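Biologist: I am new to this structure and would like to take a close look at a single part before anything else. Could you walk me through one helix with care, and then place a few other features beside it?

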Amino acid sequence: MSNSNKRGTVKVINGRYRPDGSFHYNYPNTPIYDEAGKLMGVTNPRDLTHIHAYGGESQFFSSLKDGEIWGTKCENPDCEHTGTVNLPYKIYCPDCLKKAIPVNLTATAIKSATVHTFMVTERTGAFNTLEKPIRFINIEFEGVDTILMSYLSVGEPKVGMRVVPIFRKVEPTFTILDLSWVPLGTSVEKLPDGFSFSK
Amino acid sequence: MITFSQKQLKIPQMSKPVYLVTGGMSKFGRAIPEMRTEELVVDAFTEAAEFIKKSPAELKKYIHSCYYGHFADHFGDQLLGEALIHDRLGLDPLGNVGIKTGGATGGSTLWEAFKAVASGYSDCVLAMGWERMDEVPTDEGNNYIACAADKDWETPLGHIYTGYYAVMAQKYWQVFGKSEDSFRKTMAEIAVKNRGYARMNPHAQGPMKITVEDVLKSPVVAYPLRALDCCLMSVGAACAILCDEKTAYELTDNPLLVYVTAGSHTLRVADRRNMEIPLLPNESADQYKDLGERFPGSDRYPGFTGFLAARMAAYYAYGMANIYDPTEDLDLVELHDAFTISDIQTYEDVGIRPYGEGRTYVESGDCYHTNPNTGKPGKLPANLSGGLIGNMHAVGATGIMQAVEVGQHIWGRWAEMHENQKKWDAYGRTKPKDWQNLQVDNAKRGMAISHAGVGSHVTATILVHPDHQLKGRNS
Ligand SMILES: [Zn+2]
């Protein structure tokens, strides 16, 4: 066992992944018995790190720490649905499969974000890092064809409620969790640690 | 995609008819630590063989290719688990393939099996599905299930798949349920009904004799959904044997015509775009003109309230089986009651009721074996197996279990398969003193809907007694 090793990190150098540190840790398995002492099975412990590419969506995940929300728009004049704006960010237009153009939707979000539906739940899965209960919200934006899923950090959600985005600019995780929302008019002191408004 | 070409709307064609010959299932439980998956699978296969008075070895001789539904490799920590099962069934070196479409895995397995026979590739195929969700603690299981959502855009949000569906439930509850107590009570009735029917099923994991009050007092999972509104998490296996006509009649005097179709919709609900409501044969565009007035907030279709994949699967299936009006033309259904509210949503998507009126299927009493309002047989009984809420949701097996249950009614052998004291004893379960025969009298046609999560994949399996095929009313 080498559990004291540094947890794995990765860089891309010359177009290749360069892992550094430990990506898995071994633990001994243990037997499972029933009351009578019969062997029923074994545990198979594990602790490992995956590597995951953001590829063409990197723009979205890297811009959150800068207080920006990026989506994409199909500007192919020959597309059956040209002008479709996607958030979640889509690299290709799903209709014509031409590269969609990145568009900064931060101002649109600040101006028009509205709760389409929501759910408050105490139930989470393993590895959850959000505070409970989680307030899931699904957000409509003017001029955007899709409805983004995220979470509300202040107050109680309601359908039709106006919300504004907040961003984890301090110690960002570079995941979707760096984006959250608060009711329009929320004061800056009420934001969770590490989060701030767009500007 | 939000617009269809005519090519995409083509009613699927078969080069030859396909028959369900037999099916079987294991016991279902939250955890079955004393059995390996192969033991469950062999139980299901043996039940299927014995149902047509064959030995497993005799039945195996007919099988030409194999389709295995097993959703979550992660749970068993075994990739290519399908291949291990194939070997244990002694079906090597026949071709086999694993199928995974989340909660719809069982239905999708039937879909693949169906196409193999319909195309002429095989004359007899095995569709076998299973799941074992007991090999990790529940919260880790929830994380694994959440990994079937988009890992970048959804999974980090709570690692809880239920939450991704629950926002849809909330929207339906507010728009079509109008947040009414009466609607909440209707949801609860489904939970009472399905758990009650599960009491008559020796395979069932979650039988309960409960009241609407019990459901309404059960802990909130995600308002308005309460613990008793939610389906089970299960271990178990189910299988079906599909054949062409000649082989079917070699194996049994009484095979059933089977049609299986599939639809899908975006894995992320976030990506769902507005469209016109695709109509089923018994609907007209006019009837939805004022939907937005009757149900404020329902202006987006399918939005967060409809399962377009279910509608597509039903559209294709009704076209194949000449179903015009499911409530009139079918005698029973097994629906994917993952949650009481998603059950209601599905009534509308598959045309049992028009959009906005799903609740009336329950309130009219039509969905019961015996209509509680009239004491007469329900018009279209639903989930007499107990469904996912009362019987099981062993994901890869679920859609197959549903189809086999429907088949047992059409074969008129439901009581035989559920009453047998030996089966109750073998499964360590006590048959209730008030055990009731839920056989639907003169069942001729039925349907099973298999559904994944937020509606990413849905299949429709229609079973028809060959003497009771419908003539086309759809054109
Ligand atoms: Zn396009």
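Modeller: Helix 12 of chain B is largely enclosed by the rest of the structure, because twelve of its 14 residues are buried, and I should say at once that this is a predicted model. Buried here means a relative accessible area under 20%, and the residues of helix 12 of chain B that fall in this class are Leu308(B), Ala309(B), Ala310(B), Arg311(B), Met312(B), Ala313(B), Ala314(B), Tyr316(B), Ala317(B), Tyr318(B), Met320(B) and Ala321(B). What covers these buried residues includes helix 5 (105–118), helix 13 (326–329) and helix 14 (340–349) of chain B, together with strand 8 (256–264), strand 10 (445–451) and strand 11 (457–464) of chain B. The helix itself takes in residues 308–321, and from its first C-alpha to its last it reaches 20 Å, close to the 20 Å expected at 1.5 Å a residue. Just after helix 12 of chain B comes Asn322(B), which takes a positive phi of about 60 degrees.

Chain A offers a strand that can be read in a similar way. Strand 14 of chain A, residues 179–183, is mostly covered, with five of its five residues buried. Its two faces are both covered, since Leu179(A), Trp181(A) and Pro183(A) on one side and Ser180(A) and Val182(A) on the other are all buried. Strand 14 of chain A runs antiparallel to strand 13 (residues 163–168) of chain A, and five bridges join the two; Phe167(A) stands opposite Leu179(A).

Chain A also holds the donors of a zinc ion, namely the SG atoms of Cys74(A), Cys79(A), Cys93(A) and Cys96(A), which lie 2.2 to 2.4 Å from the ion. The site is tetrahedral, with angles of 104 to 115 degrees among the four donor atoms, and along the chain the donors follow the spacing C-x4-C-x13-C-x2-C. Cys74(A) lies in the loop between strand 7 (70–73) and strand 8 (85–86) of chain A, whereas Cys93(A) lies in the loop between strand 8 and strand 9 (101–104) of chain A, so the pair ties together parts that are 19 residues apart in sequence. Cys74(A) is buried, with a relative accessible area of 2%, and Cys93(A) also counts as buried, at 1% relative accessibility.

As for the wider layout, chain A is divided into domain 1 (3–48) and domain 2 (55–196), and the centres of these two domains, taken over C-alpha atoms, are separated by 34 Å.

Methods:
Residues are numbered from 1 along each chain as its sequence is written. Chains are lettered from A and ligands numbered from 1 in the order in which they are written. This is a predicted model: local features need pLDDT of at least 70, side-chain atom pairs count only at pLDDT 80 or more; totals for chains, interfaces and linings use all residues. Side-chain values use heavy atoms; hydrogens and water are left out. Donors are N, O and S atoms within 2.8 Å of the metal (3.2 Å for Na, K and Ca); water is not among the atoms, so sites may look incomplete. Four donors count as tetrahedral if all angles lie between 85 and 135 degrees; four count as square planar and six as octahedral if opposite donors are over 155 degrees apart and all others between 65 and 115; anything else is irregular. Helices (H or I, at least four residues) and strands (E, at least two) are DSSP runs, numbered from the N terminus. Buried means under 20% relative accessible area, exposed over 50%, partly exposed in between (1.4 Å probe, protein chains only). The expected span of a helix is 1.5 Å times one less than its number of residues. Contact means heavy atoms within 4.5 Å. Two strands pair if DSSP finds at least two bridges between them. Domain bounds come from an automatic or database domain assignment.
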